[in-house]
Amino acid sequence: MSPPVEHIRRWHDEFAALRRDLHAHPELGFEEHRTARIVAERLAALGIEHQTGVGRTGVVAIVRGLTTASGRSVGLRADMDALPMQEDNAFAHRSRYDGRMHGCGHDGHTTMLLAAARYLAETRAFDGTVTLIFQPGEEGYAGGRAMIEDGLFERFPADQVYALHNWPGLAVGKIAVRPGPMMAAADRITINITGKGGHGAHPHRTIDPVLVAGHLITAAQSIVARTVSPLDNAVVSLCAMNAGHPGAMSVVPRTAQLVGTVRTFKPTVQDTIQARLAEMVPSIAAAFGATATLVYERLYPATINTTFEAQFAADVAGRVVGRENVVHDLDPSMGSEDFSFMLQQRPGAYARLGQGGTGGGPACFLHDSRYDFNDSVIPIGAGYLASLAERAMPLAAPA
Ligand SMILES: [Zn+2]
Ligand SMILES: [Zn+2]
């Protein structure tokens, strides 16, 4: 492993203890008050300049190199929030709170960025400025966008931005990064159907919204199959349906609702699916004498790595974990990630950090109620983040 990893590994016990403390005290999006306070206290103890309250509960820190003559800057981002779910682990650092859990490993991400901050502040072996971005509300709250709207990139320098996410199932010691799509855009669709309620034994006196919902569900599946090019990727999933009452077998309800998600990588595909749904929903309803409306919400854009920065990140990863341990062909995920908002503003790359199994056991995937971040990867992830800054802004060789 590279010098930054070995350097950071000496602090392993301290940072593992911090990670477990964060795990035991998970906070939901924009409620990361304790987490942000701990981040700010750690930064202050290291003498690192920082500001709190950026994008509500975000924290941003600045570390300057031995020189800043290059005028360059690099942004490194970690997310801090937890999930509204019940933890099923029994170990000592399990969540102290009912219904809240660090099920996505953002406790580990926050810890790794703090470890990188300490290393960078102690060594300062770069020519430029590092901006450390501790982001709130990744899990559906668009905290990344909140920071941008709060002037993140105007107030703090970052010519390029990098982030990583722990990845269960990818072996410890491996880093996966590639140019292009890493995570999909996530949109929410809500379809409200209105018919005419009545007696289930006299359906000719009703306009049945459940039947309309059935036709809409089937028709929506034809969009990916028959409208999107087979060479593109997309998902249309209708995941919730509400109509009628299970106790009322002979009551045709007046309304029905469908809720689902659309996942895409290309904006053109996203536009096409939205347009097709907008045509289909009222027309299919009209064919049955009902009415229906579509609410289409674009939540997170696709996470797209820029080519140069992704290749640079892969090169840096190779120096950190060895070139044979860099995975260049890990499939993109149809999940989503709000680092995408930062990648819309700045070139950069999002990588996956091998996390193996969890707690020495089998690999629980992210958002599993038995998931736990693997502390053994803290020095690797922190070393990788620090190395990105050092390598992007190298000190001039001594004359
Ligand atoms: Zn997550
Ligand atoms: Zn996550």
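**Group meeting talk: two zinc ions, two pockets and a few backbone details**

Let me begin with Arg56, which sits in the loop that runs between β1 (49-54) and β2 (58-64). Please keep in mind throughout that what we are looking at is a predicted model. The phi angle of Arg56 is near 70 degrees, which is a positive value in a residue other than glycine. For those of you who are new to this, most residues other than glycine have a negative phi. Is Arg56 buried or exposed? With a relative accessible area of 58%, Arg56 is exposed, because the cut-off for that word is over 50%.

Phe30 makes a useful companion, since Phe30 also has a positive phi, of about 65 degrees, although it is not a glycine. Its place is in the loop between α2 (12-24) and α3 (33-45). Here, however, the relative accessibility is 13%, and Phe30 therefore counts as buried, the limit being under 20%. A further residue of this kind is Arg124, which follows α4 and whose phi is positive, near 50 degrees.

Now to the metals. Which residues hold the zinc ion that is ligand 1? Its protein donors are Cys104, through SG, Glu139, through OE, and His367, through NE2, and they lie 2.0 to 2.2 Å from the ion. Written along the sequence, the spacing of these donor residues is C-x34-E-x227-H. Distant parts of the chain are linked here, with Cys104 in the loop between β3 (73-79) and α4 (106-123), and His367, 263 residues apart from it, in the loop between β16 (348-356) and α11 (378-392). Cys104 is buried, at a relative accessible area of 6%, whereas His367, at 41%, counts as partly exposed.

The zinc ion that is ligand 2 has as its protein donors Cys104 (SG), His106 (NE2) and His165 (NE2), at 2.1 to 2.3 Å from the ion. Along the chain these donors follow the spacing C-x1-H-x58-H. His106 belongs to helix α4 and His165 to strand β5, and this pair, 59 residues apart, again links distant parts of the chain. Both of these histidines, His106 and His165, are buried. You will have noticed that Cys104 appears in both lists, and indeed Cys104 bridges the two zinc ions, which lie 3.2 Å apart.

Since α4 carries one of the donors, let me stay with that helix for a moment. α4 has 18 residues and reaches 26 Å from its first C-alpha to its last, close to the 26 Å expected at 1.5 Å a residue. It is mostly covered, with 15 of its 18 residues buried. Turning to α11, its 15 residues should span 21 Å at 1.5 Å a residue, and the C-alpha atoms at its ends are 21 Å apart, which agrees. α11 is mostly covered as well, 14 of its 15 residues being buried.

Next come the pockets. The largest pocket has a volume of about 530 Å³. It is lined by 24 residues, of which the closest to its centre are Glu139, Gly140, Arg263, Tyr300 and Ser336; Glu139, as I said, is also a donor to ligand 1. Two or more lining residues come from each of β5 (160-168), β8 (185-194), β12 (255-264) and β13 (291-300), and β13 has the largest share, three residues. By class, the lining divides into 10 nonpolar, seven polar and seven charged residues. Why does this pocket lie between two domains? Because domain 1 (3-183 + 302-392) and domain 2 (185-300) both give residues to its lining.

The second largest pocket has a volume of about 180 Å³. Of its 14 lining residues, those closest to the centre are Ala185, Gln270, Pro301, Ala302 and Gln344. The elements giving two or more residues are β8, α8 (267-287) and β13, and β13 gives the most, with three. This lining has eight nonpolar, three polar and three charged residues. Domains 1 and 2 both contribute to it, so this pocket, too, lies between them.

I will finish with Val262, which lies in strand β12. At 0% relative accessibility, Val262 counts as buried. Val262 and Ala243 are 19 residues apart in sequence, and from C-alpha to C-alpha they are 22 Å apart in space.

Terms used. Residues are numbered from 1 along each chain as its sequence is written. Chains are lettered from A and ligands numbered from 1 in the order in which they are written. This is a predicted model: local features need pLDDT of at least 70, side-chain atom pairs count only at pLDDT 80 or more; totals for chains, interfaces and linings use all residues. Side-chain values use heavy atoms; hydrogens and water are left out. Donors are N, O and S atoms within 2.8 Å of the metal (3.2 Å for Na, K and Ca); water is not among the atoms, so sites may look incomplete. Helices (H or I, at least four residues) and strands (E, at least two) are DSSP runs, numbered from the N terminus. Buried means under 20% relative accessible area, exposed over 50%, partly exposed in between (1.4 Å probe, protein chains only). On a 1 Å grid over the protein atoms alone, a cavity is a set of points where a 1.4 Å probe fits but cannot get out, and a pocket is an open set with protein on both sides within 12 Å along at least five of seven lines; lining residues have an atom within 4 Å of a point. Grid points are joined across faces, edges and corners, and a volume is the space filled by probe spheres set on the points. Ala, Val, Leu, Ile, Met, Phe, Trp, Tyr, Cys and Pro count as nonpolar, Asp, Glu, Lys and Arg as charged, and the others, Gly among them, as polar. Domain bounds come from an automatic or database domain assignment. The expected span of a helix is 1.5 Å times one less than its number of residues.
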